[in-house]
Structure formats: C-alpha cells, structure tokens
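Take a moment with the sequence and the model below. Then read on for a short tour, from a surface residue to the core and back out.

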Amino acid sequence: MLYTGVLTKADTLQEGEHSRWLEVLRGEGHRLAQGYFCTKLRGLADLQANTTSYEKSRAAEETFFRTVVPWSTLKGEIRHRLGTKSLVDFLGERLSAFMSTKCVHTFPEVIRMTELRLLVRIPELIGKTSSRSEEHTSE
C-alpha cells in the first residue's frame with residue numbers, strides 16, 4: 001500500500017520544533033512511499049465562530065507558508081508539499097491515475113455483473129408490477 005502523510009497545524013509549532021517536521025518533509029525520517037504534506041488549518045476560534053470561509057482559510061494558509069520562516073525559505077519539491085491546495089492537487093492526480101489504470105479494466109465486469117443480477121430479478125420485478133396493476137384494476 002502506498003501512503004501519503006499529512007502534518008497538520010504547522011502554525012502551532014514552537015521555536016525549535018520545526019527541525020523534526022522539516023526532516024520528515026525531506027524524507028529523512030518516518031519515510032512514506034508518497035512522502036508528506038504540511039497544512040495549516042483554521043484555528044479553533046474560527047471553527048467555533050464559523051467566521052472564516054474555505055476560500056479565506058486557504059488564502060490565509062498560502063500567506064502563512066509564503067511569509068513565515070522556516071516555511072517561506074523552503075525550495076523545490078518540498079515547497080510544493082505545503083498547503084491544502086497542494087495536497088488536494090496531489091491526491092486528485094493519484095485518484096485520476098488509479099481510475100484510469102484500475103477502474104477502466106474493471107468497469108466492464110461491473111456492468112456484466114449488474115446485468116446478470118438484473119436478469120435474475122426480472123421475473124420477480126415483473127410479478128410485482130403485474131400484481132400491483134391487478135390491484136388497481138380490481139378497485
């Protein structure tokens with residue numbers, strides 16, 4: 001199985017705690033085949049008051065990673081693993097790849113099985129339909 005890690009609440013890290021997270025993002029510790037992403041989510045006060053829209057939250061997250069050290073100093077591939085948008089884009093690509101390689105081959109089988117199950121039930125379904133119409137005509 002291929003896993004993708006997500007480190008959340010990057011904004012809650014205290015001075016001196018960033019180095020461990022940066023090691024994980026660089027693949028130097030707790031390795032996962034798909035690597036890790038780092039996000040900043042809305043704070044508890046925002047969630048309770050429901051004062052921040054999804055769009056505003058994503059904009060605030062992007063600003064955070066662009067302006068706050070050490071996140072703002074990261075380059076290359078690591079930079080592209082910061083933020084919810086990057087995570088969503090990555091997962092969308094993975095899902096699309098999965099669908100195009102795995103589901104395309106199984107879809108005809110799903111249709112065949114559905115048709116077989118329907119064929120088996122047709123007499124039962126016709127019987128229910130005809131008994132309902134007999135009830136309506138006898139009234």
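Is Glu124 buried, partly exposed or exposed? Glu124 counts as partly exposed, at 38% relative accessibility. The terms have fixed cut-offs: buried means under 20% relative accessible area, exposed means over 50%, and partly exposed lies in between, with a 1.4 Å probe and protein chains only.

A word on the source. This is a predicted model, where local features need pLDDT of at least 70, side-chain atom pairs count only at pLDDT 80 or more, and totals for chains, interfaces and linings use all residues. Residues are numbered from 1 along each chain as its sequence is written, and side-chain values use heavy atoms, with hydrogens and water left out.

Now the overall plan. The protein chain has five helices and two strands. From the N terminus on, the elements run β-α-β-α-α-α-α. Helices (H or I, at least four residues) and strands (E, at least two) are DSSP runs, numbered from the N terminus. Of the 139 residues of the chain, 24% count as buried. The accessible surface comes to about 10300 Å², and 59% of that belongs to carbon and sulfur atoms. These areas come from the Shrake-Rupley method with a 1.4 Å probe; for residues, only the protein chains shown count as cover.

Contacts tell how the chain meets itself. Contact means heavy atoms within 4.5 Å. Among contacts with a separation of 6 or more, 63% join residues 24 or more positions apart. Gln34 gives an example of distant parts meeting. This residue lies in the loop between H1 and S2. Gln34 is buried, with a relative accessible area of 13%. Its C-alpha atom is separated by 5.7 Å from that of Tyr3, although the two are 31 residues apart along the chain. Leaving aside neighbours within four places in sequence, Gln34 is in contact with Leu2, Tyr3, Thr4, Arg81, Phe90 and Arg94.

Go next to helix H1. Which of its residues are buried? They are His18, Trp21, Leu22, Val24 and Leu25. Seen down the axis of H1, these buried residues fall within an arc of 160°, so they line one face of the helix. The arc is that of the directions from the helix axis to the C-beta atoms. The buried residues of H1 pack against strand S1 (5-7), S2 and helix H4 (76-79). Just after H1, Gly27 takes a positive phi of about 85°.

That leads to the core. A nonpolar core is a set of buried Ala, Val, Leu, Ile, Met, Phe, Trp, Tyr and Cys residues joined through side-chain atoms within 4.5 Å. The largest one holds 15 residues, and Leu25, Cys38 and Trp71 touch the most other members. Helix H1 (18-25), strand S2 (36-38) and helix H3 (54-67) each give two or more residues to this core. The largest share, four residues, comes from H1. Look closely at Leu25. Not counting residues up to four places away in sequence, Leu25 touches Leu7, Tyr36, Phe37, Cys38, Trp71, Ile78 and Leu82.

H1 also carries a charged pair. The side chains of Glu23 and Arg20 meet in a salt bridge, with 2.6 Å from N to O. A salt bridge is a side-chain nitrogen of Lys or Arg within 4 Å of a carboxyl oxygen of Asp or Glu. Being three residues apart in H1, Glu23 and Arg20 are separated by about one helical turn. Glu23 is partly exposed at 29%, and Arg20 is partly exposed at 38%.

How many salt bridges are there? The count comes to seven. Two more of them lie in helix H5. One joins Arg112 and Glu109, whose closest N and O atoms are 2.9 Å apart. These two are three residues apart, about one turn of the helix. Arg112 is partly exposed at 41% relative accessibility, and Glu109 is partly exposed at 39%. The other brings back Glu124, whose side chain meets that of Arg121 at 3.2 Å, N to O. Again the partners are three residues apart in H5, about one helical turn. Arg121 is partly exposed, with a relative accessible area of 39%.

Finish on the nonpolar surface. Met113, Leu116, Leu118, Leu119, Ile122, Leu125 and Ile126 make a nonpolar surface patch of about 590 Å². Patches are made of residues with over 30% relative accessible area and no salt bridge: like charges are joined within 9 Å, and nonpolar side chains (Val, Leu, Ile, Met, Phe, Trp, Tyr) within 5 Å. One of the patch residues, Leu116, lies in helix H5 (residues 84-138). Leu116 counts as partly exposed, at 40% relative accessibility.
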